[in-house]
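Trainee: I would like to work through a structure by asking about it one point at a time. Could we look at the model together?

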Amino acid sequence: NTFWLSTGQIVSRLLRALIIIYAARVLGAASYGAFSYTLSLAGLFAIFSDIGLTSLLTREASKQSPQYQGYLATSLFLKALLVALSMALIIIVAPIFTTIPEARLLLPLAAFLLAFDSLRDFTFALTRARQHMQLEAGITIFTNCVITVLAFAALFVAPTSLSLMIAYTIGSGIGLLSAAIF
């Protein structure tokens with residue numbers, strides 16, 4: 001399990017490093033800075049999207065108790081509610097904290113990106129409970145491969161922070177879809 005999780009993280013971070021280096025060169029300091037700032041600002045509000053639900057679900061699902069379905073349903077409902085709240089905070093409150101027009105434009109997409117990532121991580125609670133870390137690693141690598149390909153394509157077609165954010169969001173959405181399927 002450690003091997004699979006480590007492999008997934010290492011490969012994913014290498015792929016992200018490639019796109020970060022390329023994007024910073026193509027977009028320049030101001031545009032890439034707005035992109036990075038937007039992700040960081042949205043990340044602050046995304047803290048509210050979990051509050052330990054993923055760990056709780058992993059613990060309870062690994063016990064294989066009769067109440068498992070109830071825990072899953074309740075956790076999923078609470079997770080959806082918290083993600084919706086976090087998205088609302090990012091879209092409504094986060095623009096108050098920034099004076100960068102480019103960042104304000106990116107915030108709604110960042111809200112969806114972080115929602116997709118948060119929900120995908122929530123699905124990993126089930127793979128961890130069942131000790132299927134190879135599945136988590138595969139989905140993580142697949143997601144980051146998709147993000148990398150889409151980001152390179154987006155930056156080639158339209159080298160803007162908006163196109164990069166769209167590529168990240170679509171790639172993360174595809175990753176969530178693959179996690180939900182598996």
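The questions below deal with the cores, the surface patch, the aromatic pairs and the salt bridges of this predicted model.

Trainee: Which helix gives the most residues to the largest nonpolar core?

Mentor: The largest nonpolar core has 28 residues, and Phe35, Ile90, Leu164 and Tyr168 touch the most other members. The elements that supply two or more residues are α1 (2–46), α3 (68–93), α4 (101–129), α5 (133–157) and α6 (161–181). With nine residues, the top contributor is α1.

Trainee: Which residues does Leu164 contact, leaving aside its neighbours within four places in sequence?

Mentor: Leu164 is among the core residues that touch the most other members. Once the neighbours within four places in sequence are set aside, its contacts are Ile19, Ala23, Leu27, Tyr32, Phe35, Ala151 and Leu155.

Trainee: How many residues are in the second core?

Mentor: This core is separate from the largest one, and Ala61, Leu72, Ala125 and Ala129 are among its members. Its residue count is seven.

Trainee: Which helix provides the largest share of the nonpolar patch?

Mentor: The patch lies on the surface and consists of Leu105, Phe142, Leu162, Ile166, Ile170 and Ile174, with about 480 Å² of accessible area together. Four residues, the largest share, come from one helix, α6.

Trainee: Is Ile170 buried, partly exposed or exposed?

Mentor: Ile170 is located in helix α6 and belongs to the surface patch. Its relative accessibility is 44%, and the partly exposed class runs between 20% and 50%, so Ile170 is partly exposed.

Trainee: Is Ser118 buried or exposed?

Mentor: Ser118 sits in helix α4. Not counting residues up to four places away in sequence, Ser118 touches Ser49, Lys79 and Val83. Its relative accessible area is 10%, and the limit for burial is under 20%, so Ser118 is buried.

Trainee: How many residues apart are Tyr22 and Phe152?

Mentor: The structure holds six aromatic pairs. Tyr22 and Phe152 form a tilted one, at 4.9 Å centre to centre with 45° between the planes. Tyr22 belongs to helix α1 and Phe152 to helix α5, and the distance along the chain is 130 residues.

Trainee: In the pair of Phe45 and Phe97, where does Phe97 lie?

Mentor: This pair is tilted, with 6.0 Å centre to centre and 45° between the planes. Phe45 is buried at 10% relative accessible area, whereas Phe97 is exposed at 53%. Phe45 is in helix α1, and 52 residues away Phe97 lies in the loop between α3 and α4.

Trainee: Which residues form one aromatic cluster with Tyr32?

Mentor: Tyr32 is one of the residues that Leu164 contacts. The aromatic cluster joins Tyr32 to two residues, Phe35 and Tyr168.

Trainee: What is the N to O distance in the salt bridge between Arg120 and Asp117?

Mentor: Both residues lie in helix α4, three residues apart, about one turn of the helix. Arg120 is buried at 8% relative accessible area, and Asp117 is buried at 16%. Their side chains meet with an N to O distance of 3.0 Å.

Trainee: Which residue forms a salt bridge with Arg128?

Mentor: The structure has two salt bridges. Arg128 is partly exposed at 32% relative accessibility, while its partner is buried at 4%. The closest N and O atoms are 2.7 Å apart, and the partner is Glu136.

Technical notes
Residues are numbered from 1 along each chain as its sequence is written. This is a predicted model: local features need pLDDT of at least 70, side-chain atom pairs count only at pLDDT 80 or more; totals for chains, interfaces and linings use all residues. Side-chain values use heavy atoms; hydrogens and water are left out. A nonpolar core is a set of buried Ala, Val, Leu, Ile, Met, Phe, Trp, Tyr and Cys residues joined through side-chain atoms within 4.5 Å. Buried means under 20% relative accessible area, exposed over 50%, partly exposed in between (1.4 Å probe, protein chains only). Contact means heavy atoms within 4.5 Å. Patches are made of residues with over 30% relative accessible area and no salt bridge: like charges are joined within 9 Å, nonpolar side chains (Val, Leu, Ile, Met, Phe, Trp, Tyr) within 5 Å. Accessible areas come from the Shrake-Rupley method with a 1.4 Å probe; for residues, only the protein chains shown count as cover. A salt bridge is a side-chain nitrogen of Lys or Arg within 4 Å of a carboxyl oxygen of Asp or Glu. Rings of Phe, Tyr and Trp (its six-membered ring) pair if their centres lie within 6.5 Å; planes under 30 degrees apart count as stacked, over 60 as edge-to-face and the rest as tilted.
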